[in-house]
Amino acid sequence: FSTSTYCKMWVDAQKDLDILLQKEREEFLQPETNLGKVSKMLATSYIQYMQIFRNLAAAYDHLVHQQKRAAIRPVLDSVMGRILEIKKEMVNLDNSECQYLDDILMELNRPLEDIEIPIPKYFIEENLEVLQQREKTLDEILLNAGLQEQKSVEAMTLPEAIKFIQVAERARQGRSRAVFMKKIYLEEKRTTKQEEQTGQSPDDAATCIQKVWRGYIQRKKTEKMREEEMIFLGITLPPHLEGTSSFQKCAGTVKALQGDVQERQDEVSFKDKLRETEGPHIKETLQDQISQCFTECRHITGRFPDYPPEKAGGSKAIFSEKTPEQVAEELAAKQEAEKTDQKGKNEKEEKEKSKEKKPQKAGKKEEDEGWKMGPSNFLSILEEGSSQFKVFWQNRDNESDFLQDHDPELIKEGKREEVEEEIRVQVDELMEEKLRNLKLHVDGEKVGTQKKGGKAEKKKKHQKKKKGRKRGHENLMMSFAHRTIDSLYQELAEGGLLIKAQAVNLSDYIGNYDCLRSSLRGTGAQPLPSAPDVRQLVALYGILPLGSQMVHENAPLVKSMLLAGPPGVGKKMLVHAICTETGANLFNLTPSNIAGKYPGKEGLLMMLHMVLKVGKELQPSVVWIGDTEKMFSKAAPKGEEEMNSKWLGKMLPQFLKALKAKDRVLLVGTTARPFEANIGPFCKVYQKIILIPRPDYMSRFGKYFTLWKHFILQNGGAFSSLENLSCLAHVSDGFTQGHILDVVQTVLSELRLLQMPRKPLKTVEFATSLARHIPVYKEEQETFEVTF
């Protein structure tokens, strides 16, 4: 049942995707001057892509069939990337990170929860063994360095000890009693055998046979009656579908990891069979084709071609199925192009100058034409995935495939390319040697002579570049040349720069949508982001790119992100949630944490190089800088710690510049006082700034996510009256999540939990403890809004 359900989700998602792609071809490629219509189109596509993303993620996480998962995976990653591209267009259009899609959701008849970002499970599951081994290594390093205490075994209470001894004693008595009864049974059995050997009457033998037969008949009748009853109740299937039922049970118990291992074994066996059956034919065909290419090139050009190296593609670079006439035409066209190349240089320079003189007119034309969707890196992959789905999977009978077995033809098709590539490498070695012999014996050329301007000139240039470098940078690079990743990892962990992330999920950051945001939007004011908006932005800019390599390389690149808000709103928790959801390493470069560890500019530079090298090698990684406003403080540095913070702030742009699209490394800064920093360099370092406000009333007391109720239940308490919770929500206006959690933990002590059955919780207890905290006043909240 589950398999057919998730297959249906996949089919529905593909159908919705086809409709959406057709809609994009019709609407997004045409210029549009009405920005309101553009905003609505983008919001509608964003919500529809989100629903497709949710269905594909569920199907990919739960299906066992590996070939189906392999077909879903590129489409799933591309949908994630397309969501990020549309989000970028929405942000540029509205000039705001938060878009309020209530009206569009009402038109589409969908709840607010539909725009929550689902986190695919494969971010962790596909690298589970590596992450577990890495966590074990980090625990050992921290334990040996004294930075982490070994979990102490809790002392057993006296009643627990007595109960444990009683259980052990009863088990011992049971075992001894079983041994005693076994001896008695063997004695009785021995005596009965002796009696049987002496002889038995025919009546006794007939009675024994009748007892056995009647017992057998009665058991059969009972089993049949039980089967008929289960069929009547609908719990089991009829006998003619008994095989199908067993298949369903097997499919339900098979785990994804076992399926992976089984699939790999099948693929290896198919690859070996292809190599044995088709390998000789592929090798002979490649040799004949490359030899023919050598002969045709010599017939046309008068000499044998040079064999390209493996980096250039080997025989792929010279192999062509074109006729000799086509090759001759191409050579003639190249010669003509070389002759006219020098003549056309001046004309090109003049054209470039004329283009540079007219940039403003081109911009005006684009403005007159209206808005147009930018190019996408994912639409071609989505269209290809859709076409493959129609060819291979759309018309398959998924209900009868309870075993979720592989399709051998699809495996052969994919493995044939791998076998051809392996054989091509072997053929390249043979044909390169053959080409050397042909050049030597036919053309008289000697292979291996160096041309002018070869290694000697390269060495001179290399020496000049070395002389131009700084000595400090040379020494730094030389110090890292002999260092392994494990040694750098251990040094960072022992220094407290590589820390263990807390096990919290993004869904643990609870809160509801602000019910007043629609009315504020009508007045023209920009309402603050609510807790779901914060979760959405953190997932879009942090979790999805770090979790998928394909998304990170092709989606709009976000290298850095800033979380700004008052103390206690959950900034640090969100940083740990990013690491938990993606399995990322967490580097703590907070100024207070690095103080005195790597002093001076050279020390800070070495630290950043170590973090960069380890973060790239063991990606994904998160570099966290708490109190990041100290690095960009307006005041002059007073001590060595503040001076190091200033230097580190100046090095961050170079650190970000070293990160490429393939490097899944994210810089995350957190600040509670951004107004103390120079906003110019501050905003240049952080691409995305997410403002996290204090929780509103709906987050403190809402329908689904309630801070007070969640924290009270989490700490072992219970509230019978919702009126008390509502009162607490009103009283705690201005207090953060950290304040509420601290109040709950203070009130619900061990003694208070024991008294709770006879003395229920009251609002006064929490209100009294809450009064000891200082709230975040409205004026302080407004300073964050003015700063950004």
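Three short exercises on a predicted model follow, each with a worked solution.

Residues are numbered from 1 along each chain as its sequence is written. In this predicted model, local features need pLDDT of at least 70, side-chain atom pairs count only at pLDDT 80 or more, and totals for chains, interfaces and linings use all residues, while side-chain values use heavy atoms and leave out hydrogens and water.

**Exercise 1.** Describe the protein chain as a whole.

Start with the elements: the chain has 34 helices and six strands. Both are DSSP runs numbered from the N terminus (helices: H or I, at least four residues; strands: E, at least two). Next, burial: 37% of the 788 residues are buried (under 20% relative accessible area, 1.4 Å probe, protein chains only).

**Exercise 2.** Work out the strand order of the sheet and find its edges.

Read the order: β1-β3-β4-β5-β2-β6, in an open sheet with mixed pairing. The edges are β1 (498–499) and β6 (688–691), and each pairs on one side only. Strands pair if DSSP finds at least two bridges between them. Now take β1: its pairing with β3 (residues 585–588) is antiparallel, over two bridges. There, Ile499 stands opposite Leu586 of β3.

**Exercise 3.** Check the span of helix α2 (residues 35–62), then its surroundings and its N-terminal end.

Apply the rule: 1.5 Å times one less than the number of residues. For the 28 residues of α2 the expected span is 40 Å; the end C-alpha atoms lie 41 Å apart, which agrees. Next, burial: 20 of the 28 residues are buried, so α2 is largely enclosed by the rest of the structure. Finally, the cap: Asn34 caps the N-terminal end of α2, with a side-chain oxygen 3.2 Å from the backbone nitrogen of Gly36.

Notes:
Buried means under 20% relative accessible area, exposed over 50%, partly exposed in between (1.4 Å probe, protein chains only). A polar contact is a pair of N or O atoms within 3.5 Å; within protein, one must be able to donate a hydrogen and the other to accept it, and residues adjacent in sequence count only if both atoms are side-chain atoms.
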